[in-house]
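Biologist: Before I use any labels from this model, I would like to hear what each of them rests on. Please take me through the reasoning.

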Amino acid sequence: SKATVSVLNWHHPVTPPKPPTSNKMTKGAKTGRAGMINMDGQCVDLYVPRKCSATNQLIHANDHAAVQLSIGQIDENGGYTGKNNTYCFSGFIRDRAGSDQALNRLALRDRILREA
């Protein structure tokens, strides 16, 4: 059934929106990754935002002072295990000279550094 909407005494037919016919795109919540994921498991978003590791705020695309550091994990012999810990710092934290302290705090939390 069609409904009509009256705007200034002029009637426009209103059709209800149709449900999507194809379900080829799924949200990233099912796979545990951020962004839009297709059925093959590939990320199809043009931009996936990062979060600052120190403040937990989103890092905007135009924040050109933001950095991302990856620290490799090593085994007991000092060899690289192939895994790493990634930390992102926004330009806001770097501008206020807080990234050094934040990196030390996060490395202590992840047991990369030992307390002195």
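Modeller: The labels are taken in turn below, from the overall fold to single residues.

Biologist: What kind of model is this, and what secondary structure does the protein have?

Modeller: The model is predicted. The protein has two helices and eight strands, and along the sequence they follow the pattern β-β-β-β-β-β-β-β-α-α.

Biologist: How much of the protein is buried, and how much area is exposed?

Modeller: Of the 116 residues, 16% are buried. The exposed area is about 9,700 Å², with 52% of it supplied by carbon and sulfur atoms. Among contacts with a separation of 6 or more, 25% join residues 24 or more positions apart.

Biologist: What makes β7 and β8 a pair of strands?

Modeller: The requirement is at least two bridges between the strands. Residues 67-74 of β7 and residues 80-89 of β8 are joined by seven bridges, in the antiparallel sense. The count of seven meets the requirement, so the two strands pair. One of the bridges links I74 to Y80 in β8. The two strands form a hairpin with five residues between them, and in the turn G78 has a positive phi of about 90 degrees.

Biologist: Why is S90 called buried?

Modeller: S90 lies in the loop between β8 and α1. Its relative accessible area is 7%, and buried means under 20%. S90 is therefore buried. Leaving aside residues up to four places away in sequence, S90 touches C52, I59, D63 and A66.

Biologist: How do you know that R109 and D110 form a salt bridge?

Modeller: The cut-off is 4 Å between a side-chain nitrogen of Lys or Arg and a carboxyl oxygen of Asp or Glu. In R109 and D110 the closest N and O atoms are 3.1 Å apart. That distance is within the cut-off, so the pair counts as a salt bridge. Side chains of opposite charge can pair when their charged atoms come close.

Biologist: Why is R109 called exposed but D110 partly exposed?

Modeller: Exposed means over 50%, and partly exposed lies between that and the 20% limit for buried. R109 has 55% relative accessibility, so it is exposed. D110 has 29%, so it is partly exposed.

Biologist: How many salt bridges does the structure hold, and what distance supports the one between R96 and D95?

Modeller: The structure holds two salt bridges. The side chains of R96 and D95 meet at 3.3 Å, N to O, which is again within 4 Å, so this pair also qualifies. Both R96 and D95 are exposed.

Biologist: What makes the phi values of N56 and A97 worth listing?

Modeller: Each is positive in a residue that is not a glycine: near 65 degrees for N56 and about 55 degrees for A97. N56 is in the loop between β5 (50-51) and β6 (58-59). A97 is in the loop between α1 (91-95) and α2 (99-109). With 53% for N56 and 65% for A97, both values are over 50%, so both residues are exposed.

Biologist: Why does E115 count as exposed, and where is it found?

Modeller: E115 is in the segment after α2. Its relative accessibility is 73%, over the 50% limit, so E115 is exposed. The C-alpha atoms of E115 and N104 are 9.8 Å apart, and the two residues are eleven apart along the chain.

How values were computed
Residues numbered from 1 in each chain as written. Predicted model: local features only at pLDDT ≥ 70, side-chain atom pairs only at ≥ 80, totals over all residues. Heavy atoms only, no water. Buried < 20%, exposed > 50% of the residue type's maximum accessible area, 1.4 Å probe, protein only. Helix = DSSP H or I, 4+ residues; strand = E, 2+ residues; numbered from the N terminus. Contact = heavy atoms within 4.5 Å. Areas by Shrake-Rupley, 256 points an atom, 1.4 Å probe, with all protein chains shown as cover.
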